Amino acid sequence: MENKEMKCHCCDKTTNRSEEQRKKLINRLNRIEGQIRGIKGMIEKDAYCNDILIQSAAVNAAVNAFNRELLSSHIHSCVARDIRNGNDEVIDELVTTLQKLMK
């Protein structure tokens with residue numbers, strides 16, 4: 001599979017992902033996007049609050065699943081690579097990221 005470098009808009013770091021990894025992540029995001037559009041439609045149609053809240057919880061679960069998948073990939077690739085290369089600062093970066101995810 002071909003690896004393409006993904007450029008982060010907030011920093012100079014990049015992550016090489018296989019086409020399969022990229023497609024998997026994009027598919028998850030597309031499903032989440034569809035769920036959000038569905039919730040928006042429910043609001044526009046004055047759907048019952050409880051029904052909207054249930055759909056919102058499903059979106060949260062989907063985002064959490066996306067984050068778990070991306071975090072696992074990050075640890076196995078980027079973090080492991082940087083530690084092998086002697087860049088222990090990546091551990092502090094990972095701890096900070098985990099703290100943000102656990103808010």
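In which sense, left-handed or right-handed, does α2 pass α3 in their crossing? In the predicted model considered here, α2 passes α3 in a left-handed crossing, and the paragraphs below place this pair within the chain as a whole before turning to individual residues.

The chain contains 3 helices and 2 strands, and these elements follow one another along the sequence in the pattern β-β-α-α-α. Of its 103 residues, 21% count as buried, while the area exposed by the chain amounts to about 8,000 Å², of which carbon and sulfur atoms supply 55%. Among the contacts with a separation of 6 or more, 33% are accounted for by residues 24 or more positions apart.

The pairing of helix α2 with helix α3, the latter spanning residues 89-101, is described by an angle of about 170° and by axes that lie 10 Å apart. Because an angle over 145 degrees counts as roughly antiparallel, α2 and α3 are assigned to that class. On the side of α2 the contact is made by Asn67, Leu71, His74, Ile75, Val79, Asp82 and Ile83, and on the side of α3 by Val90, Ile91, Glu93, Leu94, Leu98 and Leu101. In terms of residue character, the contact of α2 with α3 divides into 9 nonpolar, 2 polar and 2 charged residues.

The other helix pair is formed by α1, which covers residues 19-44, and α2, which covers residues 49-84; their axes come within 10 Å and cross at roughly 165°. With the cut-off of 145 degrees again applied, α1 and α2 are therefore roughly antiparallel to each other, and their crossing is left-handed. The residues of the contact of α1 with α2 comprise 15 nonpolar, 5 polar and 4 charged ones.

Two positions of helix α1 illustrate how this element is placed relative to residues further along the chain. Leucine 29, which is found in α1, has a relative accessibility of 37% and therefore counts as partly exposed; the C-alpha atom of leucine 29 is separated by 8.1 Å from that of valine 63, although the two residues are 34 residues apart along the chain. Arginine 31, also located in α1, is exposed, since its relative accessible area is 52% and the threshold for this class is set at over 50%. For arginine 31 and valine 59, which are 28 residues apart along the chain, the separation of the C-alpha atoms is 9.2 Å.

A further long-range pair involves the strand region. Asparagine 16 has its place in strand β2, which comprises residues 14-18, and at 45% relative accessibility asparagine 16 counts as partly exposed. In sequence, asparagine 16 and cysteine 78 are 62 residues apart, whereas in space their C-alpha atoms are 9.0 Å apart.

The loop between α1 and α2 contains aspartate 46, a residue whose backbone conformation deserves separate mention. Most residues other than glycine have a negative phi. Aspartate 46, by contrast, has a positive phi of about 55° although it is not a glycine. With a relative accessible area of 70%, aspartate 46 is exposed.

Terms used
Residues are numbered from 1 along each chain as its sequence is written. This is a predicted model: local features need pLDDT of at least 70, side-chain atom pairs count only at pLDDT 80 or more; totals for chains, interfaces and linings use all residues. Side-chain values use heavy atoms; hydrogens and water are left out. Axes are lines fitted to C-alpha atoms, for helices over the stretch in contact, and angles run from 0 to 180 degrees between N-to-C directions. Helices (H or I, at least four residues) and strands (E, at least two) are DSSP runs, numbered from the N terminus. Angles under 35 degrees count as roughly parallel, over 145 as roughly antiparallel, 65 to 115 as roughly perpendicular and the rest as oblique. A crossing is left-handed if the near helix is turned anticlockwise from the far one by less than a right angle, and right-handed if clockwise. Ala, Val, Leu, Ile, Met, Phe, Trp, Tyr, Cys and Pro count as nonpolar, Asp, Glu, Lys and Arg as charged, and the others, Gly among them, as polar. Buried means under 20% relative accessible area, exposed over 50%, partly exposed in between (1.4 Å probe, protein chains only). Contact means heavy atoms within 4.5 Å. Accessible areas come from the Shrake-Rupley method with a 1.4 Å probe; for residues, only the protein chains shown count as cover.
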